[in-house]
Amino acid sequence: MEKKLQDFLEEEFAPYGDFPARTDVFNELLAHLTDKYHDLKQQGKSDDEAYQMTIGSFGDVEEIMENVPGAQAQPAAPKATAQAENESDLRKTLKRVLKQAKSSMGMSKFGAIQLQQADLSSSPLVGEDFSYSSLTGTNFGGSNLSDATFTASDLKDTSLAGANLSNAAFSASSLLRADLKGADLTGAKFRASNLQDTAFEGSILVGTVFHHCDLGGLSFDSQVLKDVSFSASSLKKTSFKGATLHNVSFHHCDVKQTDFSGATMDKVTYALLKGAHAQLDNVVLE
């Protein structure tokens with residue numbers, strides 16, 4: 001299977017040629033792919049299930065490669081991928097090459113840095129780029145992070161409670177046990193990110209996008225969701241009890257074990273969920 005994963009990466013890296021640090025980045029990605037695959041196998045997944053879930057847990061390598069010196073794709077190159085979790089060693093490699101180019105590329109002062117346990121609460125951080133940074137345990141409570149970027153960022157145990165995260169972008173990042181209670185997530189995008197045990201209670205969910213994310217077991221109880229998009233994401237045992245859903249989509253999501261008890265929703269959302277065989281007992285239609 002390692003050969004199959006290697007072939008997958010070779011195909012994805014083909015458009016970038018022999019850029020500096022290619023070997024380091026490639027080997028780190030292969031190591032993490034292999035670890036992810038074996039972890040899934042230990043969980044009882046079949047070979048094919050483990051392989052598909054492994055490559056499916058990645059975000060965009062293109063977003064990373066844009067910041068690596070010399071890694072320029074050819075025109076019309078196919079879309080590449082990057083892993084969604086277990087990227088700590090990869091981040092070290094990327095941090096090194098990114099720091100070398102930081103001045104000439106004009107990267108944010110927050111890019112590719114160690115910032116664990118920092119107190120940045122109530123700070124003006126509009127449009128800042130925190131990509132490839134370790135932000136474990138950092139307090140962003142009440143900060144203005146609208147339009148901020150978090151690509152391959154470590155946000156485990158981070159507090160974003162009450163923060164303005166409108167139009168913020170999270171890609172291939174870990175938000176394990178992150179606190180997003182009361183955060184404004186209007187237009188925010190979460191792509192291929194780890195959201196296990198993330199707290200969303202009281203957050204503003206308008207136009208929010210969740211793509212290829214694991215939302216299993218999370219609670220959106222009694223919340224209002226408007227124009228929210230869930231696509232290719234896991235919603236196993238996710239709860240929407242008593243929630244209000246307006247124009248919410250669930251493309252390519254398995255909602256058979258999702259709890260919508262007592263939820264209020266419009267007819268279109270209801271029809272889409274019914275077509276996906278969701279359990280819709282006690283749902284109120286508007």
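Student: Why is aspartate 154 called buried?

Tutor: In this predicted model, aspartate 154 has a relative accessible area of 7%, and since buried means under 20%, the residue is therefore counted as buried. Aspartate 154 is found in the loop between strand S3 (149-151) and strand S4 (169-171).

Student: What makes the pair of aspartate 154 and lysine 156 a polar contact?

Tutor: The side chains of aspartate 154 and lysine 156 are joined at 2.8 Å, and a polar contact is a pair of N or O atoms within 3.5 Å, so the value falls inside the cut-off.

Student: Why does glutamine 52 count as partly exposed?

Tutor: Glutamine 52, which is found in helix H3, has a relative accessibility of 41%; because buried means under 20% and exposed means over 50%, with partly exposed in between, glutamine 52 takes the middle label. Glutamine 52 and tyrosine 37 are 15 residues apart in sequence, while their C-alpha atoms are 9.1 Å apart in space.

Student: How do you know that H1 and H3 are roughly parallel to each other?

Tutor: Two packed helices are described by the angle between their axes and the distance between the axes. For helix H1 (residues 2-13) and helix H3 (residues 47-56), the axes come within 12 Å and cross at roughly 30°. Angles under 35 degrees count as roughly parallel, and H1 and H3 therefore receive that description. The crossing of H1 and H3 is right-handed.

Student: Which residues make the contact between H1 and H3, and how do they divide by character?

Tutor: On the side of H1 the contact is made by Lys4, Leu5 and Phe8, and on the side of H3 by Tyr51, Thr54 and Ile55. These residues divide into four nonpolar, one polar and one charged. Leu, Phe, Tyr and Ile count as nonpolar and Lys as charged, whereas Thr belongs with the others, which count as polar.

Student: What is said of the phi of alanine 192, and why is this residue called buried?

Tutor: Alanine 192 has a positive phi of about 45° although it is not a glycine. Its place is in the loop between strand S5 (189-191) and strand S6 (205-206). The relative accessible area of alanine 192 is 1%, and buried means under 20%, so alanine 192 is called buried.

Student: Why is alanine 232 called partly exposed?

Tutor: Alanine 232 has a relative accessible area of 28%, and because the buried class ends at 20% and the exposed class lies over 50%, alanine 232 is placed in between, as partly exposed. Alanine 232 lies in the loop between strand S9 (229-231) and strand S10 (244-246), and its phi is near 50°, a positive value in a residue other than glycine.

Student: What makes serine 193 a buried residue, and where is it found?

Tutor: Serine 193 is found in the loop between S5 and S6, and with a relative accessible area of 3%, set against the limit of under 20%, serine 193 is therefore buried. A polar atom of the side chain of serine 193 lies 3.0 Å from the backbone oxygen of arginine 191.

Student: Which residue caps the N-terminal end of helix H6 (residues 267-275), and how do you know that?

Tutor: The cap is aspartate 266, with a side-chain oxygen that lies 3.1 Å from the backbone nitrogen of valine 268. Just after H6, histidine 277 takes a positive phi of about 65°.

How values were computed:
Residues are numbered from 1 along each chain as its sequence is written. This is a predicted model: local features need pLDDT of at least 70, side-chain atom pairs count only at pLDDT 80 or more; totals for chains, interfaces and linings use all residues. Side-chain values use heavy atoms; hydrogens and water are left out. Axes are lines fitted to C-alpha atoms, for helices over the stretch in contact, and angles run from 0 to 180 degrees between N-to-C directions. Helices (H or I, at least four residues) and strands (E, at least two) are DSSP runs, numbered from the N terminus. Angles under 35 degrees count as roughly parallel, over 145 as roughly antiparallel, 65 to 115 as roughly perpendicular and the rest as oblique. A crossing is left-handed if the near helix is turned anticlockwise from the far one by less than a right angle, and right-handed if clockwise. Contact means heavy atoms within 4.5 Å. Buried means under 20% relative accessible area, exposed over 50%, partly exposed in between (1.4 Å probe, protein chains only). A polar contact is a pair of N or O atoms within 3.5 Å; within protein, one must be able to donate a hydrogen and the other to accept it, and residues adjacent in sequence count only if both atoms are side-chain atoms.
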